[in-house]
Amino acid sequence: MTDLPDHNRQMVLRERPKGNVSDDNFELVTGPVPTAGAGELLLRNRWLSFDPAQRGWINDIRSYVPPVAIGEPMRAYGLGEVVTSDVEGISVGQLVHCKIDWQDYVVVDPSKDATFEAVPDGMSDPTLLLGVLGLTGLTAYFGMTEIGRPGEGDTVLVTAAAGATGSVAGQIARIKGASRVIGTAGAADKRAWVTDVAGFDDCLDHYDEKVRRKLFDAAPKGYNVIYDNVGGSLLDACIFNAAVKARIVLCGAISTGYRPEKPEVGLHFYQLLTTRSARMEGFLVSNYEDQYARARADLAGWVADGSLHHELDVLEGLENAPEGLRRLFAGKNLGKQALKLSA
Ligand SMILES: NC(=O)c1ccc[n+]([C@@H]2O[C@H](COP(=O)([O-])OP(=O)(O)OC[C@H]3O[C@@H](n4cnc5c(N)ncnc54)[C@H](OP(=O)(O)O)[C@@H]3O)[C@@H](O)[C@H]2O)c1
């Protein structure tokens, strides 16, 4: 304990944002380092994960989790290093993944956090648990294999294809035998990564006003599987280009900004689901909690044999945490957005 500083920095919610988050919505405050009690761990936080859902957690609305209160540290998951341990089987120096929030130090009780897990011994790169072997990789795995179910000869479309979830989803489709995999993304360098590194056949600019037509040109017979992370007008353009019997996977709707207001864009082409005998299905990755181990083994195998490429987009410093969240909604991240803490 002698090497611990006497203070803990926390990035707390100062006010609820209206649109994308700004630095002013948060405030960096300093308090004492918390003390762990019986059955608890004190963690020095090392890595923060950024997830679009976090934007929803700061809306003052009833949801699947209570909103972060004004004055509380921003809720977040990530990796922490154990500083003190009163938990059997968890030793000082070990890395664990759990809810750690935007702060330098945190006390956790593993029995009260269903997401708690120790980084497995021998894992070469623990940051894999933030992305490709963490929730975004698992989301891509189950959404694609359980709902999209691409097969031989299928043409697959993935939106937000340069992101943590989309990039993995598209590569899984290829691994599962899809004959063509098309993505959409914003910036040119991200689109180049999707084709040149992740191996998609094409990646279209979703900002192109003619994106609906471009999607048609890229696959005139339509898409058999559509894995959508974006929603809104882009999902509409995707539905327009769905093949007969298409499976449309509703993974997320980041274009809504996860703000509390009614989304600006509705769906205009949903009636095509009837004439094309297609279906749309949403899911939560947590529906498959009991199968995470199997999925992780597959994902880790594909990473190891080089068939699954992934990126970690790294920011540094707790003071930059609002920027980490903002980048997801501004399309600045390539792959998984993370932040390295330096406490
Ligand atoms: N169902 C589940 O259980 C589950 C679990 C985890 C995540 N998700 C969902 O999966 C999706 C991806 O999450 P992620 O963590 O992997 O994030 P991500 O894809 O790494 O980052 C978000 C990306 O979305 C794109 N984007 C942002 N705003 C957009 C807009 N208005 N229009 C079009 N594209 C926009 C941006 O890329 P470009 O603009 O370059 O394309 C941005 O980089 C999100 O919708 C998230 O809510 C669902």
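**Exercise 1.** In this predicted model, find how the residues of the shell around the ligand divide into nonpolar, polar and charged.

*Solution.* Start with the classes: the shell holds 18 nonpolar residues, 12 polar ones and two charged ones. Next, take the shell as a whole: 32 residues surround the ligand. The closest are G163, T165, G186, G252 and G331. Glycine counts as polar here.

**Exercise 2.** State which helices and which domains supply residues to the shell around the ligand.

*Solution.* Begin with the helices. At least two shell residues come from each of α2 (135-148), α3 (164-175) and α9 (321-330). Then turn to the domains. Domain 1 (8-131 + 311-340) and domain 2 (135-286) each give the shell at least three residues.

**Exercise 3.** Describe how helix α5 and helix α6 pack.

*Solution.* Two packed helices are described by the angle between their axes and the distance between the axes. Helix α5 covers residues 211-218 and helix α6 covers residues 232-240. Their angle is about 35°, and the axes lie 9 Å apart. The crossing of α5 past α6 is right-handed. Now list the residues in contact: V211, R212 and L215 of α5 meet L234, A237, C238 and F240 of α6. Sorted by class, this contact has six nonpolar residues, one charged residue and no polar ones.

**Exercise 4.** Explain why the protein chain is described as being as compact as a globular protein of its length.

*Solution.* The secondary structure of the chain comes to nine helices and 15 strands. For 343 residues the globule rule gives a radius of gyration of 20 Å; the chain has 21 Å, which is close, so the chain is as compact as a globular protein of that length. For its extent, the C-alpha trace spans about 65 × 45 × 35 Å along its principal axes.

Key
Residues numbered from 1 in each chain as written. Predicted model: local features only at pLDDT ≥ 70, side-chain atom pairs only at ≥ 80, totals over all residues. Near = placed C-beta within 6 Å. Helix = DSSP H or I, 4+ residues; strand = E, 2+ residues; numbered from the N terminus. Domains from an automatic or database assignment. Axes fitted to C-alpha atoms, helices over the stretch in contact; angles between N-to-C directions. Left-handed = near helix turned anticlockwise from the far one by under 90°. Contact = placed C-beta atoms within 7 Å. Rg over C-alpha atoms; globule rule 2.2 N^0.38 Å.
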